[in-house]
Amino acid sequence: MERNLLSVIIPVYNVKNYLDKCLESVVKQTYKNLEIILVDDGSTDGSSKICDQWSHKDRRIHVYHMSNHGVSHARNEGLKHIKGSFVSFIDSDDWIDMDMFEKMINSMIENHSEVGICGYKLEFKNFSKVNFEKGKRSTYPREKAVQLIFSYENNKIPKMISWELCDKIFDYKMVKNLRFDESIYVGEDMLFCWQILKQAKNVSYIPLYAYHYFMRSQSAMHQKVSPKSVTVLKAVRMILQDTTDESKSIQKVIRDHYLRIGVRHSRAILKLHAYQFKEEVCFFQNYLRKNLFYALRLPYISLKGELGQILFCLPYGICKIIFY
């Protein structure tokens with residue numbers, strides 16, 4: 001690995017109207033020690049040609065063309081080629097502020113952190129939005145970072161950071177043995193973030209909001225519920241099952257996370273007749289039955305949500321009828 005080289009992995013699929021802006025924001029970074037890995041995931045709209053054009057303009061850009069397999073496969077392909085001691089993931093329809101990498105890497109080096117976080121803005125057509133409270137520049141030990149990342153906002157813990165990969169930089173040692181689970185289509189980044197946090201000791205946070213997440217209609221956040229989207233339930237279940245050796249505080253925040261999303265996504269599976277995920281629904285039902293009284297006391301659960309939790313304790317066959 002080349003010391004202090006940042007490997008930037010950018011999966012590309014049919015984003016010809018956005019790719020130039022994304023790449024321009026990366027190549028103009030004040031932090032120059034970059035390798036930019038473009039993984040063209042079988043684009044059919046001319047994005048492939050744009051990737052090649054940029055690789056001719058900037059020798060730091062390396063392009064890998066492949067047939068379409070999805071964003072996780074593309075990221076995994078990118079991970080095979082990294083040479084840097086730091087790794088970042090950027091979506092090809094987003095953009096970043098010019099000093100984002102420099103400030104984040106300096107903070108990580110200064111504070112001996114394996115993970116750096118800066119926060120992000122949601123960019124709509126006519127306005128920007130930040131969903132997080134602006135915290136103070138801090139370095140958190142692993143346990144505190146997990147609590148902040150996976151907790152829901154409440155009066156005691158304002159939501160400052162989350163598990164998305166886009167606003168983060170990782171020490172290469174944290175990712176060298178990891179790959180994205182290609183059977184998970186939504187929540188794969190959450191699982192990947194968790195797997196990194198399992199190893200980290202310190203997490204540095206700078207309230208820059210320097211990553212700009214563009215909310216186009218085709219983006220993941222705007223996609224309607226589908227059999228692919230409900231795979232997030234599998235992702236959180238895998239995280240939950242990976243907490244047996246964790247402290248009680250971490251077990252609690254992951255349990256709360258799983259219970260909060262469980263009914264909604266299990267119900268979506270039944271409504272979509274996505275019965276290939278029956279195992280996930282039944283696992284959640286069994287877990288909910290054992291933790292029902294705890295789940296009903298979770299903050300900010302509506303009466304409708306409480307009723308849903310109670311009804312979901314009924315047998316699977318009855319739930320199919322009720323929630324269809």
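**Figure 1. Pairing of strand 9 with strand 11 in the predicted model.** In this predicted model, T139 lies opposite S204 of strand 11. The two strands involved, strand 9 and strand 11 (residues 202-205), are joined by 4 bridges and run in the antiparallel sense. In general, the strands of a sheet pair through backbone hydrogen bonds, in either a parallel or an antiparallel manner.

**Figure 2. The open sheet and its edges.** The sheet is open and mixed in its pairing, and its 8 strands follow the order 3-2-1-4-10-6-11-9. Strand 3 (61-66) and strand 9 (138-141) occupy the edges; each has a single partner strand, so one side of each has no neighbour in the sheet. From one strand to the next, the twist averages 20 degrees.

**Figure 3. Helix 4 against the sheet.** Helix 4 (residues 100-111) packs on the sheet. The strands that helix 4 touches are strand 1, strand 2 (34-41), strand 4 (84-89), strand 6 (115-117), strand 9, strand 10 (168-171) and strand 11. The direction of helix 4 makes an angle of about 40 degrees with that of strand 10.

**Figure 4. N14, a residue with positive phi.** N14 belongs to the loop that connects strand 1 (2-12) and helix 1 (19-27). Its phi is near 50 degrees, a positive value in a residue other than glycine. Most residues other than glycine have a negative phi. N14 counts as partly exposed because its relative accessibility is 22%, and the buried class is limited to values under 20%.

**Figure 5. H273, in the loop between helix 9 and helix 10.** The loop that holds H273 lies between helix 9 (248-271) and helix 10 (278-290). For H273, phi is near 55 degrees, again a positive value in a residue other than glycine. With a relative accessible area of 40%, H273 is partly exposed.

**Figure 6. The surroundings of S266 in helix 9.** S266 is part of helix 9. This residue is classed as buried because its relative accessibility is 0%. Leaving aside residues up to four places away in sequence, S266 is in contact with L233, V281, F284 and F312.

**Figure 7. A nonpolar patch on the surface.** L314, I318 and I322 make up this patch, and together they present about 220 Å² of accessible area. One of these residues, I318, is located in helix 13 (residues 316-322). I318 has a relative accessible area of 39% and is therefore partly exposed.

How values were computed
Residues numbered from 1 in each chain as written. Predicted model: local features only at pLDDT ≥ 70, side-chain atom pairs only at ≥ 80, totals over all residues. Heavy atoms only, no water. Buried < 20%, exposed > 50% of the residue type's maximum accessible area, 1.4 Å probe, protein only. Pairing = 2+ DSSP bridges. Axes fitted to C-alpha atoms, helices over the stretch in contact; angles between N-to-C directions. Contact = heavy atoms within 4.5 Å. Patch = residues over 30% accessible without salt bridge, like charges linked within 9 Å, V, L, I, M, F, W, Y side chains within 5 Å. Areas by Shrake-Rupley, 256 points an atom, 1.4 Å probe, with all protein chains shown as cover. Salt bridge = Lys/Arg side-chain N within 4 Å of Asp/Glu carboxyl O.
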